[in-house]
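Work through the following exercises with the sequence and the coordinates at hand, and try each task before reading its solution.

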Amino acid sequence: QVFGNGVLVPHGNGQIHYLNVETGNRLMHPFQPTLGPGESVDWRRPATVPGDPPQFVATDGQRKVFRVGIKENPRHLAALAEVDMNVAIHGALAVAGDTVYGVDRRENRDVVISFQLSDLAQGKNEWELEGRTEWGPEMVGDMVLVGDQNSLHCFQTEQTRRWKKPLAYGPITGTPLAFGEHLVLASMEGVVWWINA
């Protein structure tokens with residue numbers, strides 16, 4: 001995952017390294033959550049938070065979520081906030097403004113959940129999907145997009161869904177391109193189309 005001037009590389013031992021893209025050298029000391037003897041972490045893809053200095057939000061795929069930033073003396077990645085969720089996050093996280101979005105996998109369908117970026121408090125709203133997540137969550141411009149079996153959902157800041165539209169050309173593939181006030185999408189069936197974002 002691109003982060004600041006480098007990339008984030010999570011490891012099963014719990015560390016998340018911040019590396020130089022060109023050399024692979026460590027840019028600072030890694031983030032390391034507290035683990036018990038023999039424990040490992042199956043990190044999901046972190047969500048970067050726009051701004052300077054950079055931050056990111058990561059989940060261990062169980063019930064812990066961390067907002068991580070840079071601290072000095074010595075320079076290292078450290079948790080700025082962390083929380084034990086009452087759900088397990090499935091897949092990646094994505095950020096829109098002051099809101100982090102993730103997917104909770106339940107027995108019959110997936111549900112998009114939200115939580116506040118500042119303190120990671122879980123939001124009251126959640127949105128049921130039609131079956132399982134096929135794509136996303138993915139940050140595109142100032143939005144977060146999630147695709148299920150039949151529809152594309154667009155979420156924005158303040159824990160709200162902007163719109164839900166049917167995927168007339170089937171499941172999408174790749175990353176949508178933000179083009180002014182529009183999105184360019186590609187489907188797995190080979191159709192490229194654009195919509196008003």
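**Exercise 1.** In the sheet that contains β14, identify which partner in β15 stands opposite His 153 and which residue is the bridge partner of Ser 151.

*Solution.* Keep in mind throughout that this is a predicted model. Begin with the pair of strands itself: β14 covers residues 151-156 and β15 covers residues 160-166, and the two run antiparallel, joined by six bridges. Next, take Ser 151, whose bridge partner in β15 is Pro 166. Then move to His 153, which stands opposite Lys 164 in β15.

**Exercise 2.** Determine which residue takes a positive phi in the hairpin of β14 and β15, and then place this hairpin in its sheet by giving the order of the strands.

*Solution.* The hairpin has three residues between its strands, and Glu 158 is the residue there with a positive phi, near 65 degrees. The sheet is an open one of four strands in the order β12-β13-β14-β15, with antiparallel pairing. Its edges are formed by β12 (135-140) and β15, each of which pairs on one side only. Neighbouring strands of this sheet are turned against each other by 20 degrees on average, direction ignored.

**Exercise 3.** Describe the sheet that contains β6 and β7 by its strand order, its edge strands and its average twist.

*Solution.* This sheet, too, is open and made of four strands, here in the order β4-β5-β6-β7, and the pairing is antiparallel. The strands that pair on one side only are β4 (47-49) and β7 (76-84), which are therefore the edge strands by the pairing criterion of at least two bridges. From one strand to the next, the twist averages 25 degrees. Within this sheet, β6 (residues 64-71) runs antiparallel to β7 and is joined to it by eight bridges, and one position to inspect is Arg 67, which stands opposite Ala 81 in β7.

**Exercise 4.** State how much space lies in the largest pocket, and work out how its lining divides into nonpolar, polar and charged residues.

*Solution.* The largest pocket holds about 210 Å³ of space. Its lining is made up of Pro 33, Thr 34, Leu 35, Glu 39, Ser 40, Val 41, Asp 42, Asp 60, Gln 62, Lys 64, Phe 66 and Glu 82. Sorted by class, this lining comprises four nonpolar, three polar and five charged residues.

Conventions: Residues numbered from 1 in each chain as written. Predicted model: local features only at pLDDT ≥ 70, side-chain atom pairs only at ≥ 80, totals over all residues. Heavy atoms only, no water. 1 Å grid on protein atoms, 1.4 Å probe; cavity = no way out; pocket = protein on both sides within 12 Å on 5 of 7 lines; lining within 4 Å. Points joined across faces, edges and corners; volume = space filled by probe spheres on them. Nonpolar A, V, L, I, M, F, W, Y, C, P; charged D, E, K, R; others polar. Axes fitted to C-alpha atoms, helices over the stretch in contact; angles between N-to-C directions.
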